[in-house]
Amino acid sequence: MTPLETAQYMLNQDFFSQWMEIKLVEVREHYCLIEMPIKKEMINGLKTVHGGVTFAFADSALAFSSNNTGDAAVALNCMINFTKAVRLGDTLFAESILMADTRKTAVYDIAITNQHKVVVASFRGTVYKIDKKVVDL
């Protein structure tokens, strides 16, 4: 499968990413750009997007970029910095770029921006390669 076909295969069985209404915008080997609209169910008591939603969105980008070669990888460590509030009606984009790659691990930087191309969060994720194929899981 191509990287796009692999990412689409994953999305088809990823009901949480489907609930978030994530769309694959661009996918190539070890890279992805995804999009997500902000829904009212994502808003917290301060009338901004719950940080867990932004984290989960970035985590989905990590999954689609780190697994799209067909070799399965799982998150080992992730951290996020929230830089701007996200509000109802916003559309978020997450761009995941491979920064470092070894035999067993890889590191990805993910920039989360809004529809105005303003960075709302930055995320770094390390994945562990589990020596299995995505389609075998």
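**View 1. Asp131 and Lys104, a salt bridge of strand E6.** In this predicted model, Asp131 is exposed, with a relative accessible area of 67%. Its salt-bridge partner is Lys104, and the closest N and O atoms of the two lie 2.8 Å apart. Asp131 sits in strand E6, while Lys104 belongs to the loop between E4 and strand E5 (105-113), so the bridge ties together parts that are 27 residues apart in sequence. Lys104 itself has a relative accessible area of 18%, which means that it counts as buried, the cut-off being under 20%.

**View 2. Asp101 meets Lys129.** Here the salt bridge brings its closest N and O atoms to 2.4 Å. Distant parts of the chain are linked by this pair: Asp101 comes from strand E4 (residues 91-101) and Lys129 from strand E6, 28 residues apart. Asp101 is partly exposed, at 43% relative accessible area.

**View 3. Glu26 pairs with Arg28.** This is one of 6 salt bridges in the structure, with 2.4 Å between the closest N and O atoms. Glu26 is partly exposed at 34% relative accessibility, and Arg28 is partly exposed at 42%.

**View 4. A nonpolar surface patch with Tyr128.** Val74, Leu76 and Tyr128 make up the patch, together offering about 270 Å² of accessible area. Tyr128 belongs to strand E6 (residues 119-133) and is partly exposed, at 35% relative accessible area.

**View 5. Ser65, buried in helix H3.** Take a look inside helix H3 (residues 51-66), where Ser65 has 0% relative accessibility. The Ser65 side chain reaches the backbone oxygen of Ala61 at 2.9 Å. Beyond its neighbours within four places in sequence, Ser65 is in contact with His30, Tyr31, Cys32, Ser96 and Tyr108.

Note on methods. Residues are numbered from 1 along each chain as its sequence is written. This is a predicted model: local features need pLDDT of at least 70, side-chain atom pairs count only at pLDDT 80 or more; totals for chains, interfaces and linings use all residues. Side-chain values use heavy atoms; hydrogens and water are left out. Patches are made of residues with over 30% relative accessible area and no salt bridge: like charges are joined within 9 Å, nonpolar side chains (Val, Leu, Ile, Met, Phe, Trp, Tyr) within 5 Å. Accessible areas come from the Shrake-Rupley method with a 1.4 Å probe; for residues, only the protein chains shown count as cover. A salt bridge is a side-chain nitrogen of Lys or Arg within 4 Å of a carboxyl oxygen of Asp or Glu. Helices (H or I, at least four residues) and strands (E, at least two) are DSSP runs, numbered from the N terminus. Buried means under 20% relative accessible area, exposed over 50%, partly exposed in between (1.4 Å probe, protein chains only). A polar contact is a pair of N or O atoms within 3.5 Å; within protein, one must be able to donate a hydrogen and the other to accept it, and residues adjacent in sequence count only if both atoms are side-chain atoms. Contact means heavy atoms within 4.5 Å.
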